[in-house]
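Student: Could you take me through one part of this structure up close, and then show me how the rest of the chain sits around it? I'd like the salt bridges and the surface charge in the picture too.

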Amino acid sequence: MASLGELTAGIAHEIQNPLNFVNNFSEVNSELIDEAGQEIDKGNISEAKTILNDIKENAQKISHHGKRADAIVKGMLQHSRLSTGAKEPTNINTLADEYLRLSYHGLRAKDKLFNATLKTDYDESIVNIDIIPQDMGRVLLNLYNNAFYAVAEKKKQQTGNYEPTVSVSTKKSGNQVSISVSDNGNGIPQKIVDKIFQPFFTTKPSGQGTGLGLSLSYDIIKAHGGEIKVSTKENEGSEFIIELLLG
């Protein structure tokens with residue numbers, strides 16, 4: 001019950017922030033519309049146009065924060081919804097590769113200037129493993145998106161010969177399969193490593209992340225009877241390792 005209370009408080013806090021912006025900008029816009037009307041009555045068309053531009057900017061802010069609240073709600077629904085998918089024999093190498101390309105090309109579509117080196121090392125001895133492919137795909141997509149975000153941020157800060165690189169590997173050892181996703185970004189500060197799987201915790205700027213991706217990934221891997229771990233060094237990069245038991 002204590003953790004449920006914390007989660008509820010977290011949801012309320014996260015949604016309250018964008019809602020405050022929506023409410024405040026809506027009130028300001030109502031006042032500005034009245035002011036614009038008064039200026040038009042006075043024949044001050046130039047002043048009225050300036051006010052209308054302010055109204056337009058506020059409307060964009062309302063839209064931005066409304067979408068943020070929507071993303072938080074959708075993220076929570078993903079958390080609470082039990083997966084309807086069934087486990088099925090899946091080629092983890094193919095799945096890992098497909099979602100890597102999906103993530104990379106998705107980011108390239110948003111930012112034509114973004115480039116990264118992709119390195120893959122798949123253990124071909126892995127036979128099909130029983131997983132829920134849609135859920136595992138969601139986990140991989142989140143890890144890839146985070147890795148690409150990390151290297152893109154480092155690239156912005158670097159002026160030298162830094163080469164953004166995201167690496168993916170799979171390995172079978174006994175009755176266990178591991179999937180590694182690593183990057184050569186800035187890494188995760190040691191003081192926050194223990195918090196990254198908590199709901200709503202994010203290192204991204206406001207509006208760029210809900211802080212639910214890793215929390216949801218953790219839940220999905222646990223539901224598969226597996227584990228997800230992180231190894232990171234500041235200024236050098238991070239590695240996320242998923243470990244799944246066979247059979």
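Tutor: Let's start with helix α5, residues 213-223, where L214, S215, L216, S217, I220 and I221 are buried. Keep in mind that this is a predicted model. Just past the end of α5 comes G225, with a positive phi of about 75°.

Now look at what meets that helix. N142 lies in helix α4, which covers residues 133-157. Setting aside its neighbours within four places in sequence, N142 is in contact with G213, L214 and S217. Two of those partners, L214 and S217, are in the buried set of α5. N142 counts as buried as well, because its relative accessibility is 16%, and the cut-off for buried is under 20%.

Stay on α4 for a moment and go along to E153 and K156. Their side chains meet in a salt bridge, 2.9 Å from N to O. E153 and K156 are 3 residues apart in α4, so about one helical turn separates them. That fits the usual helix geometry: an α-helix has 3.6 residues a turn, so residues three or four places apart point the same way. The two ends of this pair have their own levels of cover: E153 is partly exposed at 23% relative accessibility, while K156 is exposed, with a relative accessible area of 65%.

Helix α3, residues 92-110, has a pair of its own: D97 and R101 both lie in it, 4 residues apart, which is about one turn of the helix. D97 forms a salt bridge with R101, and the closest N and O atoms are 3.1 Å apart. Here both partners are partly exposed, D97 at 22% relative accessibility and R101 at 34%.

A search of the whole structure finds 3 salt bridges, and the one still to visit takes us past α5 to the strands. The side chains of E243 and K229 meet in a salt bridge, with 3.3 Å from N to O. This pair links distant parts of the chain: E243 is in strand β7 (residues 237-245) and K229 is in strand β6 (residues 227-233), 14 residues apart. E243 counts as buried because its relative accessible area is 18%, and that is under the 20% cut-off. K229, at 38% relative accessibility, is partly exposed.

Between those two strands there's a residue I'd pause on. N235 is found in the loop between β6 and β7, and it has a positive phi of about 70° although it is not a glycine. For context, most residues other than glycine have a negative phi. N235 is also exposed, with a relative accessible area of 56%.

Another loop to check is the one between β2 (117-121) and β3 (129-131), where you'll find E124. E124 is exposed, at 66% relative accessible area. Its C-alpha atom is separated by 9.1 Å from that of K172, although E124 and K172 are 48 residues apart along the chain.

For the surface charge, go back to the start of the chain. E27, E31, D34, E35, E47, D54 and E57 form a negative surface patch. Helices α1 (2-42) and α2 (45-80) each supply at least two residues of this patch, and α1 gives the most to it, with 4 residues. On the α2 side, take D54 as an example. D54 counts as partly exposed because its relative accessibility is 34%. That value also clears the bar for joining a patch, which asks for over 30% relative accessible area and no salt bridge.

Now zoom out. The chain has 5 helices and 7 strands, and along the sequence they follow the pattern α-α-β-α-β-β-α-β-β-α-β-β. So where does α5 come in that order? It is the last α in the pattern, with two strands after it. Of the 247 residues in the chain, 36% are buried. Among contacts with a separation of 6 or more, 72% are between residues 24 or more positions apart. The contacts from N142 to G213, L214 and S217 show such a link between α4 and the stretch where α5 begins. As for the outside, the chain exposes about 14500 Å², and carbon and sulfur atoms supply 51% of that area.

Conventions. Residues numbered from 1 in each chain as written. Predicted model: local features only at pLDDT ≥ 70, side-chain atom pairs only at ≥ 80, totals over all residues. Heavy atoms only, no water. Buried < 20%, exposed > 50% of the residue type's maximum accessible area, 1.4 Å probe, protein only. Contact = heavy atoms within 4.5 Å. Areas by Shrake-Rupley, 256 points an atom, 1.4 Å probe, with all protein chains shown as cover. Patch = residues over 30% accessible without salt bridge, like charges linked within 9 Å, V, L, I, M, F, W, Y side chains within 5 Å. Salt bridge = Lys/Arg side-chain N within 4 Å of Asp/Glu carboxyl O. Lys, Arg positive; Asp, Glu negative; His and termini not counted. Charge placed at Lys NZ, Arg CZ, Asp CG, Glu CD.
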